[in-house]
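Student: I have a structure open and want to go through it with you. Can we take it piece by piece?
Tutor: Yes, go ahead and show it.

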Amino acid sequence: RFLLEKAWNADPSFFPAVLDLIYVYAKIGEGDKISAILKKTPSLTRHPEVLFSLAVLSYDKKDYKKAYAALRMLLVAQPEHAHANALMGALLFRCKRFSEAKPYL
């Protein structure tokens, strides 16, 4: 993890290291760090695995606004993404139950 962070800080455009770092962050539940990487490297939003990892982590942490935003970006780029469609369905189902998520739909 630490070597990947150093590699990303040295060259944020080196995508293999960045994608590996995002994978590590997803595995340990560091969604905020994934968001920080996306803010510093906006071209990563083209990679569906990055957006899906962020959406899953956000959904698990009940941050439905962030999960919805990541899923929308992913589904605009790849509307046939099966896992993203399934998670969006679960999110919409949840939003009917949790009033704090309703305004974001």
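Student: Is Val56 buried or exposed?
Tutor: Neither label fits: Val56 is partly exposed, because its relative accessible area is 28%, and buried means under 20% while exposed means over 50%. Keep in mind that this is a predicted model.

Student: Which helix is Val56 in?
Tutor: Val56 belongs to helix 4.

Student: And how far apart are Val56 and Tyr68?
Tutor: The C-alpha to C-alpha distance between Val56 and Tyr68 is 9.9 Å, and in sequence they are 12 residues apart.

Student: Changing topic. How many salt bridges are there in the whole structure?
Tutor: A search of the whole structure gives 2. In one of them, the side chains of Lys66 and Asp32 pair at 3.4 Å, N to O.

Student: Where do Lys66 and Asp32 sit along the chain?
Tutor: Lys66 is in helix 5, residues 64–77, and Asp32 is in helix 3, residues 31–40. The two are 34 residues apart, so the pair links distant parts of the chain.

Student: Why would side chains like that pair at all?
Tutor: Side chains of opposite charge can pair when their charged atoms come close.

Student: Are those two partners buried or exposed?
Tutor: Asp32 is exposed, with a relative accessible area of 55%. Lys66 is partly exposed, at 24%.

Student: What about the bridge between Asp63 and Lys66?
Tutor: The side chains of Asp63 and Lys66 meet at 4.0 Å, N to O. Asp63 is partly exposed, with a relative accessible area of 31%. Through shared partners, the salt bridges join Asp32, Asp63 and Lys66 into one network.

Student: Back to helix 3. What does Ser35 touch?
Tutor: Leaving out residues up to four places away in sequence, Ser35 touches Leu54 and Lys66. Ser35 is found in helix 3 and is buried, because its relative accessible area is 12%, below the 20% cut-off.

Student: Now the core. Which residues touch the most other members?
Tutor: In the largest nonpolar core, which has 26 residues, they are Ile22, Ile34, Ile37, Leu38, Leu71 and Leu91.

Student: Which helices supply at least two residues of this core each?
Tutor: Helix 2 (15–28), helix 3, helix 4 (48–60), helix 5 and helix 6 (82–97).

Student: Last one: what does Ile37 touch?
Tutor: Not counting residues up to four places away in sequence, Ile37 touches Trp8, Val18, Leu21, Ile22, Tyr25 and Leu44.

Terms used
Residues are numbered from 1 along each chain as its sequence is written. This is a predicted model: local features need pLDDT of at least 70, side-chain atom pairs count only at pLDDT 80 or more; totals for chains, interfaces and linings use all residues. Side-chain values use heavy atoms; hydrogens and water are left out. Helices (H or I, at least four residues) and strands (E, at least two) are DSSP runs, numbered from the N terminus. Buried means under 20% relative accessible area, exposed over 50%, partly exposed in between (1.4 Å probe, protein chains only). Contact means heavy atoms within 4.5 Å. A nonpolar core is a set of buried Ala, Val, Leu, Ile, Met, Phe, Trp, Tyr and Cys residues joined through side-chain atoms within 4.5 Å.
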